[in-house]
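Student: I'm new to this one and would like a close look at a single part of it. Could you walk me through it slowly?

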Amino acid sequence: MTDLTITNVSEKYHLKPDTLRYYERIGLIPAVPRKKNGNRYYNEGLQKWIEMIVCLRHYGITVEALVDYVKLIEQGDSTLQAREDLLKEQLALLETKKKNLNRSIKHLEHKISLYEM
């Protein structure tokens with residue numbers, strides 16, 4: 001994997017450059033090295049980090065929870081249990097959302113069936 005510019009990373013992960021800068025500013029991704037011209041470049045490690053963030057965001061995990069998660073990662077292995085707990089908490093929240101969404105889908109399907117008679 002080669003170093004990529006912010007434009008390349010933006011395209012690769014379907015994120016706006018402003019989103020990448022925001023993630024860096026709030027500490028979701030580590031500080032991105034810059035070339036002599038001031039442009040950011042994302043090495044393999046940063047790209048994998050961004051992949052993890054994008055993946056967790058797609059799971060519905062909030063930015064706030066991710067900031068907490070990243071802080072725990074940065075503290076090392078002593079936080080493994082706390083990280084697991086945080087992810088389990090997020091899973092429980094997603095399960096609740098799933099349950100509510102399924103209930104809404106069933107309700108909507110019922111309403112639609114009334115029109116199909």
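Student: Let's take helix H1: what covers its buried residues?

Tutor: Good place to begin, and keep in mind that this is a predicted model. The cover over the buried residues of H1 includes strand S1 (4–5), H2, strand S2 (41–42) and H3. Now look at what lies beneath that cover. H1 spans 6–13, and its buried residues are Ile6, Val9, Ser10 and Tyr13. Looking down the axis of H1, you'd find these buried residues within an arc of 105°, so they line one face of the helix. There's a general reason behind such patterns: an α-helix has 3.6 residues a turn, so residues three or four places apart point the same way.

Next, see where that face leads. Val9 is among the residues with the most contacts inside the largest nonpolar core, which has 26 residues. Others on that list are Leu20, Leu28, Ile29, Tyr42, Ile50 and Ile53. H1, helix H2 (17–25), helix H3 (44–58) and helix H4 (63–74) each give this core at least two residues. The largest share, seven residues, is H4's.

Tyr42 is worth a stop, since this residue brings us back to H1. Leaving aside residues up to four places away in sequence, Tyr42 touches Ile6 and Val9, and its other contacts include Thr2, Asp3, Leu4, Thr5, Leu20, Ile29 and Ile50.

Now step off the end of the helix. Just after H1 comes His14, with a positive phi of about 55°, even though His14 isn't a glycine. You'll find His14 in the loop between H1 and H2. With a relative accessibility of 73%, His14 counts as exposed, because the cut-off for that is over 50%.

Finally, let's glance at two of the helices that help cover H1, starting with H2. Glu24 pairs with Arg40 in a salt bridge, where the closest N and O atoms are 2.8 Å apart. This one links distant parts of the chain: Glu24 sits in H2 and Arg40 in the loop between H2 and S2, 16 residues apart. Both partners are buried.

Over in H3, Lys48 forms a salt bridge with Glu44, and here the closest N and O atoms are 3.9 Å apart. Those two are four residues apart in H3, so about one helical turn separates them. Lys48 is partly exposed, with a relative accessible area of 47%, and Glu44 is partly exposed too, at 36%. The count for the model comes to four salt bridges.

Note on methods:
Residues are numbered from 1 along each chain as its sequence is written. This is a predicted model: local features need pLDDT of at least 70, side-chain atom pairs count only at pLDDT 80 or more; totals for chains, interfaces and linings use all residues. Side-chain values use heavy atoms; hydrogens and water are left out. A nonpolar core is a set of buried Ala, Val, Leu, Ile, Met, Phe, Trp, Tyr and Cys residues joined through side-chain atoms within 4.5 Å. Buried means under 20% relative accessible area, exposed over 50%, partly exposed in between (1.4 Å probe, protein chains only). Contact means heavy atoms within 4.5 Å. The arc is that of the directions from the helix axis to the C-beta atoms. A salt bridge is a side-chain nitrogen of Lys or Arg within 4 Å of a carboxyl oxygen of Asp or Glu.
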